[in-house]
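Here is an informal walk through one chain, going from charged pairs to the sheet and then to a few backbone oddities. Keep the viewer open as you read.

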Amino acid sequence: MGVLSDRRDPRVAVVGLGYVGSCIAAVLAERGLDVVGVDVDPHLVDELRAGHCRFEEPGLPELVRAGIESGRLRATTDYAALAETDVVLVTVGTPVRRDGSLADEQLRGACVELARHLRPGQLVVIKSTVPPGTTRDFVLPLLERGGLSGGKDFGIAFTPERLAEGTALRELRTFPIVAGGLDADSTRAAGGFWQRALGVDVIPVDSLEAAEIVKLADNWWIDLNIALANELAKFSALFDVDVLDVIAAANSIPKGKSNINILLPSVGVGGSCLTKDPWMVWHSARERGLEILTAPAGRQVNAGMPGYTARLVMDELAALGRPAETATVTVLGLAFKNDTGDLRATPTLPAVAALREAGCEVRLHDPLVDPDEAEKLFGMRPVADLDEAVRGADCLAVLAHHRRFTEIDYAALPVARPCLVLDGRAYFPKDRIAGLRAAGYHYRGIGR
């Protein structure tokens, strides 16, 4: 099988121009490769053709614009463009259903179209997160409907996407790539492509399934670690102990080849990966007769944090003589994490819902989110002006602490006095907390 031959600058197609696909396409174009992105959304394609990027990621809009202007990055809705390329990267969305099973519609649609245009010698690389066995048992048969045979006429490999929003471009340029192929040739071809394309280290694994599990293992660990941090925060609060002090001290000793590394508690976990990948693990194991306990346990803990945070707000306000039905709460930061405008599975949504259900008047403010998307999701429009958003507020709930929020002069804000600052993801240092208290605020954090 002559997959890729020895082309130093292979032509690349990226199927699925969502957040991950756009990042990968833009970085590959920056590296000098000829990249064509294919997506079924004509509005997204038109935006990219105009040099506009809808995704909030530091440096990405500039990179997309540069790629379009240079001609190295193109976007189309026409799958026929795939026939001109050497490597096809599949980065479509792979959500899960309520039972944890893969909602395969996007992946199926991409594979059916790809099969129509696949040609001998191409390498297909799946990057969308999937349950183990999906590439071999689902993707490969769909691709072979076009008449070509995997491992003989074309190569196929899985190389998991392991990027974090806010740092994705740096991680693409530096993180090692895991590659597992249908056969040894496919594994070598995938590894060789990423080494040439990005100049990063490649970690080959023995099978497609091993590579698929790597991504699930990463997010399973992260979600479970955050669940530990969240329960540690609740536990520390019972004894009036600052959980950040506990975590810093606990993380100071070596264990294995690294240190203990407890992550940080927060209002909850969101985004497109951590909220679904543990369920993908659980469902895949259960189909094969194994009952996984830790994945659903982590999910249960983290899914409960928005409600816990809302109760914390209401309890603290009650202690200040402000019952929920008379209180105004301004939420600062709506996204699922700091320094992004991404609202996918944001834990702020159920926290806001719980506050409103309890009778609080809630206002929203987040300069990074799309106000139309926020209004569609929350049923209320964010207030653009900070002073207007906080005027007379009994509580400022900081649920995503963007960098520009560090410039806020809390002493000058027109809030009610005393006013509660609920720290859901800011992790204010102790001197900042002392300053807030001196300015007439009452402070409460998750486990602080």
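In this predicted model, let's start with Arg11 and Asp86, whose side chains meet in a salt bridge with N and O 3.2 Å apart. The two come from distant parts of the chain, 75 residues apart: Arg11 sits in the segment before strand 1 (12-15), while Asp86 sits in the loop between strand 3 (73-76) and strand 4 (87-90). Arg11 counts as partly exposed, at 28% relative accessibility, whereas Asp86 has 8% and counts as buried, because the cut-off for that label is under 20%. The pair doesn't stand alone either: Arg119 joins Arg11 and Asp86 in a network of salt bridges.

How many salt bridges does the structure hold? The count is 30. As a general matter, side chains of opposite charge can pair when their charged atoms come close. Here are three of the pairs, including the one above.

| Salt bridge | Closest N to O | Relative accessibility |
|---|---|---|
| Arg11 and Asp86 | 3.2 Å | Arg11 28%, Asp86 8% |
| Asp218 and Arg162 | 3.2 Å | Asp218 29%, Arg162 24% |
| Asp342 and Arg344 | 2.6 Å | Asp342 12%, Arg344 35% |

The salt bridge between Asp218 and Arg162 is another link between distant parts of the chain, with Asp218 in helix 8 (residues 208-237) and Arg162 in the loop between strand 6 (155-158) and helix 6 (168-174), 56 residues apart. Asp218 is partly exposed, and Arg162 is partly exposed too. For the Asp342 and Arg344 salt bridge, Asp342 is buried and Arg344 is partly exposed.

Now for the sheet. In what order do its strands run? Eight strands form an open sheet with mixed pairing, ordered 3-2-1-4-5-6-7-8. Strand 3 and strand 8 (202-204) are the edges; each has a single partner strand, so one side of each has no neighbour in the sheet. On average, and ignoring direction, neighbouring strands are turned by 25° against each other. Strand 1 and strand 4 pair in the parallel sense, over 4 bridges, and Val14 stands opposite Leu89 of strand 4. Helix 5 (residues 134-144) lies across strand 5 (123-126) and strand 6, and runs at about 145° to strand 6.

Leu89 is worth a second look. The largest nonpolar core has 44 residues, and Leu89 is among those touching the most other members, along with Leu28, Val35, Phe193 and Trp194. Helix 1 (residues 19-30) gives the most to this core, with 9 residues. Leaving out residues up to four places away in sequence, Leu89 touches residues including Val12, Val14, Ile24, Leu28, Val125, Phe193 and Trp194.

Two threonines come next. Thr91 is in the loop between strand 4 and helix 4 (105-117). What does the side chain of Thr91 reach? The partner is the backbone oxygen of Gly16, at 2.6 Å. Thr91 is buried, with a relative accessible area of 10%, and its contacts beyond four places in sequence include Val14, Val15, Gly16, Ile24, Lys127 and Ser128.

Thr159 belongs to the loop between strand 6 and helix 6. Is Thr159 buried or exposed? At 0% relative accessibility, Thr159 counts as buried. Again leaving out residues up to four places away in sequence, Thr159 touches Val125, Ile126, Lys127, Ile177, Val178, Ala179, Ala190 and Trp194. Lys127 is therefore one of the contacts of Thr159 as well as of Thr91, with contact meaning heavy atoms within 4.5 Å. Pro350 is another matter: the C-alpha atoms of Thr159 and Pro350 are separated by 34 Å, with their positions 191 residues apart along the chain.

Last, the backbone. A cis peptide bond joins Arg417 and Pro418, with omega at about -5°; Pro418 lies in the loop between strand 13 (395-398) and strand 14 (419-423). Asp240 has a positive phi, near 55°, despite not being a glycine. Asp240 is in the loop between helix 8 and helix 9 (243-250) and is exposed, at 68% relative accessibility. Asp339 has a positive phi as well, near 65°, and lies in the loop between strand 11 (328-332) and helix 13 (348-357).

Conventions:
Residues are numbered from 1 along each chain as its sequence is written. This is a predicted model: local features need pLDDT of at least 70, side-chain atom pairs count only at pLDDT 80 or more; totals for chains, interfaces and linings use all residues. Side-chain values use heavy atoms; hydrogens and water are left out. A salt bridge is a side-chain nitrogen of Lys or Arg within 4 Å of a carboxyl oxygen of Asp or Glu. Buried means under 20% relative accessible area, exposed over 50%, partly exposed in between (1.4 Å probe, protein chains only). A nonpolar core is a set of buried Ala, Val, Leu, Ile, Met, Phe, Trp, Tyr and Cys residues joined through side-chain atoms within 4.5 Å. A polar contact is a pair of N or O atoms within 3.5 Å; within protein, one must be able to donate a hydrogen and the other to accept it, and residues adjacent in sequence count only if both atoms are side-chain atoms. Two strands pair if DSSP finds at least two bridges between them. Axes are lines fitted to C-alpha atoms, for helices over the stretch in contact, and angles run from 0 to 180 degrees between N-to-C directions.
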